[in-house]
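Please open the model in a viewer and keep the selection tool at hand. The tour proceeds by selections, each followed by a description of what is found there.

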Amino acid sequence: MSGAGVQLFSIKGLKSGPTFLFNDQAEFGDVVAAAEEELSRANGFFRDSPVILHFGKRLVQKEDWERLKELLLREGLLPRYAVAALQPSRDILYKEGLPVRDSLSVPTPVPRPQETTTPKGNALYVRRNLRSGQKQTFEGDVVLVGDVNQGAEILAGGDVIVFGTIRGVVHAGYPDNTEAVVIALNLTPLQLRIGPIIARAEDNPRRSRRVQQPEMACVRDEQIMIFSHRGK
């Protein structure tokens with residue numbers, strides 16, 4: 001989330017896990033407010049997830065941590081460890097019971113054991129229409145048989161496939177997976193997001209003309225592009 005053009009809070013899906021990045025220059029109250037707004041929008045997406053807290057070069061005060069901790073507890077988040085560049089910040093966070101690091105450097109990779117398992121399923125199948133005010137959240141792919149009507153929303157960590165019409169809001173690849181795609185039989189969303197990239201209906205007036213054929217939205221050159229989809 002941002003204020004006055006400044007990114008106050010963002011979430012990155014790194015290999016080490018969801019990482020919360022706090023702007024280290026802005027007033028911390030504004031940063032926490034931005035985090036609260038984003039987590040509210042995520043609608044429990046990260047609940048019970050271990051998360052990494054990245055404070056950058058901020059000089060963290062005890063009261064800063066207590067304010068943030070209250071939000072994390074309320075959202076059911078599990079702090080895994082904190083990253084703080086300044087030693088005084090690490091000292092305070094460590095005293096508060098958090099494992100701390102001075103950077104996000106990835107530990108030396110451990111040789112992989114021989115892979116003997118198949119990838120686990122990570123998709124949600126839903127067979128109903130989403131009406132205004134309804135929101136479907138899932139950490140993996142979402143397959144919906146029905147329509148996403150205006151005022152409804154899908155928030156997915158992976159792809160979103162809709163056997164119907166998208167008129168509402170769809171966010172695939174949340175929070176930062178730009179490899180995700182959105183496929184629908186009729187793609188006329190009010191707002192479409194893939195990872196951090198946003199496209200709105202007014203960005204492409206052509207979308208207001210109903211295109212009665214399957215289409216796929218994906219990210220190309222940091223923009224959301226829409227193509228006819230005929231499968232492989």
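The stops below concern a predicted model.

**Stop 1: the sheet that begins with β3**

Select strands β3, β4, β5, β6 and β7, which form an open sheet of five strands in that order, with mixed pairing. The edges are taken by β3 and β7 (100-101); each has a single partner strand, so one side of each lacks a neighbour in the sheet. Between β3 and β4 the pairing is antiparallel and runs over six bridges. Within this pairing, G13 is placed opposite P18 of β4. Two helices may now be added to the display. Helix α1 packs on the sheet and touches β3, β4 and β5, its direction making about 55° with that of β3. Helix α2 also packs on the sheet, where its contacts are with β4, β5 and β6, and its direction makes about 155° with that of β5.

**Stop 2: along β3**

Narrow the selection to β3 and β4, which are joined by a hairpin through two residues. Select S10, a residue of strand β3 (residues 9-14). Is S10 buried or exposed? Its relative accessibility is 18%, and S10 therefore counts as buried, the cut-off being under 20%. Across the pairing, S10 stands opposite L21 in β4. When residues up to four places away in sequence are not counted, S10 touches T19, F20 and L21.

Move next to K12, which is also found in strand β3. K12 has a relative accessible area of 34% and is partly exposed. With neighbours within four places in sequence left aside, the contacts of K12 are G17, P18, T19, L21, P175 and D176. A distance label may be drawn from K12 to I52: the C-alpha atoms are 9.7 Å apart in space, while the two residues are 40 residues apart in sequence.

**Stop 3: helix α2**

Select residues 62-74, the 13 residues of helix α2. From first C-alpha to last, the helix reaches 18 Å, close to the 18 Å expected at 1.5 Å a residue. Colour D64, W65, L68, L71 and L72, which are the buried residues of α2. Why do they lie on the same side of α2? They cover an arc of only 125° around the axis, and this puts them on the same side of the helix. Their packing partners are β4 (17-22), α1 (28-42), β5 (50-56), β6 (78-84) and α3 (87-95). Rotate the view to the face of α2 turned away from its buried side, where the exposed residues E63, E70 and L73 are carried. Just after α2, select G76, which takes a positive phi of about 70°.

**Stop 4: the sheet that begins with β9**

Select β9, β11, β13, β15 and β16. These five strands form an open sheet in the order β9-β11-β13-β15-β16, and the pairing is mixed. The edge strands, each pairing on one side only, are β9 (135-138) and β16 (197-200). From one strand to the next, the twist averages 10°. Strand β11 (residues 153-156) pairs with β9 in the parallel sense over four bridges. To locate this pairing, select Q136, whose bridge partner in β11 is I154. Bring α1 back into view: it lies across β9, β11, β13 (169-172) and β15 (191-194), and runs at about 100° to β9. Helix α1 was also met at the first stop, where it touches β3, β4 and β5.

**Stop 5: aromatic rings**

Finally, show the aromatic side chains. How many aromatic pairs are there? With ring centres within 6.5 Å as the criterion, the count comes to eight aromatic pairs. Select F45 and Y174: their ring centres are 5.0 Å apart and their planes stand at 80°, so this pair is edge-to-face. The pair links distant parts of the chain, 129 residues apart, with F45 in the loop between α1 and β5 and Y174 in the loop between β13 and β14 (182-187). Both F45 and Y174 are buried. To end the tour, extend the selection to F9, F20, F22, F28, F45, F46, F55 and Y174, which ring pairs link into a cluster. Among the members of this cluster is F20, a residue that S10 touches.

Definitions and conventions:
Residues are numbered from 1 along each chain as its sequence is written. Side-chain values use heavy atoms; hydrogens and water are left out. The expected span of a helix is 1.5 Å times one less than its number of residues. Buried means under 20% relative accessible area, exposed over 50%, partly exposed in between (1.4 Å probe, protein chains only). The arc is that of the directions from the helix axis to the C-beta atoms. Contact means heavy atoms within 4.5 Å. Two strands pair if DSSP finds at least two bridges between them. Axes are lines fitted to C-alpha atoms, for helices over the stretch in contact, and angles run from 0 to 180 degrees between N-to-C directions. Rings of Phe, Tyr and Trp (its six-membered ring) pair if their centres lie within 6.5 Å; planes under 30 degrees apart count as stacked, over 60 as edge-to-face and the rest as tilted.
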